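Subject: Structure for you to look at

Hello,

Here is the structure I said I would pass on. The sequence and the coordinates come first, and my notes on the ligand and the backbone follow.

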Amino acid sequence: MAQWLEAAVAENFAWHPHLCSLRVELPGFDFIAGQFVRLAVETAQGRLQRAYSLVNAPGDTRLDFLLTPVADGKVSPRLHALQAGDRLWVSQPATGFFTLDELPAGETLWLMATGTGIGPYLSMLATDEPWQRFKRIVLVHGVRQVQDLVYRDRIASWQQRYPGQFHYQPVVTRESHPEALQARLPQLIQNRQLQQAAGAQFDLDSQVMLCGNPEMIKAVRAELEILGLRKNLRSSPGHITVEQYWN
Ligand SMILES: Cc1cc2nc3c(=O)[nH]c(=O)nc-3n(C[C@H](O)[C@H](O)[C@H](O)COP(=O)(O)OP(=O)(O)OC[C@H]3O[C@@H](n4cnc5c(N)ncnc54)[C@H](O)[C@@H]3O)c2cc1C
């Protein structure tokens, strides 16, 4: 049964005015990389909660959440406004099946996200599992603006440590950037620009994880199905595993 743990904000790190990493002191919190918890705040309407993916590696003493305040949202603007020392509630245990142990074997692991959906992948990549299981790992981060390309230091450290095995592909739709592709993800798959940039294919030896915006997930999934990939279900193993952040 889920419990609520009261915790203190250790840091609210602003990447820019509409994107932050909220770091919460909670030593000993156990989870599998890719899982999420519910964060709750007290409001005049009572305690309100929403799901947020864990960005930190399992075993870290601080939980890390990447969040954007949704306009007119009930919870995210309040979480975004929290500062060091403020209190919030974290649900325990962490839950969710968007984890590497749910994936069948494969050669290439595609980790594709929009916006804050990169969070679970950062947690997975901080563990040994993906590096040991997959010959090639492609992290694709689709954002609107260059300032949304977060955790670049951490990503650069994996680029240095795993050259040949790891490819990071930023995709920025509303600005040009020398390293980034500039179009919607389904289009980049259709015209093969993404595969070319990554030096990898979407084939039956691929495992593809999709996280974030539901429209992106639907459209990318449709493109992958044209290429013969199928949704991964426990009852029927396939190639596409999804985590949709809203409906
Ligand atoms: C498994 C899971 C993990 C999640 N992890 C994260 C995370 O790591 N970081 C994060 O920022 N959010 C995450 N979310 C989304 C989060 O749970 C909330 O839905 C979001 O913060 C909005 O909550 P709200 O109460 O402010 O908005 P609400 O008052 O609940 O709703 C506002 C409206 O905005 C839509 N919406 C929700 N999120 C977004 C968004 N990002 N962009 C545009 N529209 C949106 C909703 O469909 C709704 O119609 C996750 C959701 C799920 C299901």
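The domain bounds used below come from an automatic or database domain assignment, and a residue counts as near the ligand if one of its heavy atoms lies within 4 Å of it. Please keep in mind that this is a predicted model.

Where does the ligand lie? Residues of both domain 1 (3-92) and domain 2 (100-244) belong to the shell around the ligand, so the ligand lies between the two domains. The space that the ligand takes is the largest pocket. Four elements each give two or more residues to the shell: β4 (46-53), β5 (62-67), α1 (76-81) and β11 (240-244). Of the shell, the largest share is from β4, with four residues.

In total, 20 residues surround the ligand, and the closest are Arg50, Ala51, Tyr52, Leu66 and Ser76. Sorted by class, the shell has 10 nonpolar, seven polar and three charged residues.

Which polar atoms lie by the oxygen atoms of the ligand? Serine 76 brings a polar side-chain atom to 2.5 Å from a ligand oxygen. With the other two residues the backbone is involved: a polar backbone atom of lysine 74 is 2.9 Å from an oxygen atom of the ligand, and one of serine 53 is 3.2 Å from an oxygen atom of the ligand. The ligand exposes 900 Å² when taken alone, and the protein buries 75% of that.

Two points on the backbone remain.

- Glutamine 92 and proline 93 are joined by a cis peptide bond, with omega near 5°. Proline 93 is in the loop between β6 (87-92) and β7 (108-114).
- Aspartate 72, in the loop between β5 and α1, has a positive phi, near 65°, although the residue is not a glycine.

Regards

Notes
Residues numbered from 1 in each chain as written. Predicted model: local features only at pLDDT ≥ 70, side-chain atom pairs only at ≥ 80, totals over all residues. Heavy atoms only, no water. Polar contact = N/O pair within 3.5 Å; in protein donor to acceptor, adjacent residues only side chain to side chain. Areas by Shrake-Rupley, 256 points an atom, 1.4 Å probe, with all protein chains shown as cover. 1 Å grid on protein atoms, 1.4 Å probe; cavity = no way out; pocket = protein on both sides within 12 Å on 5 of 7 lines; lining within 4 Å. Sits in = over half its atoms within 2 Å of the grid points. Nonpolar A, V, L, I, M, F, W, Y, C, P; charged D, E, K, R; others polar.
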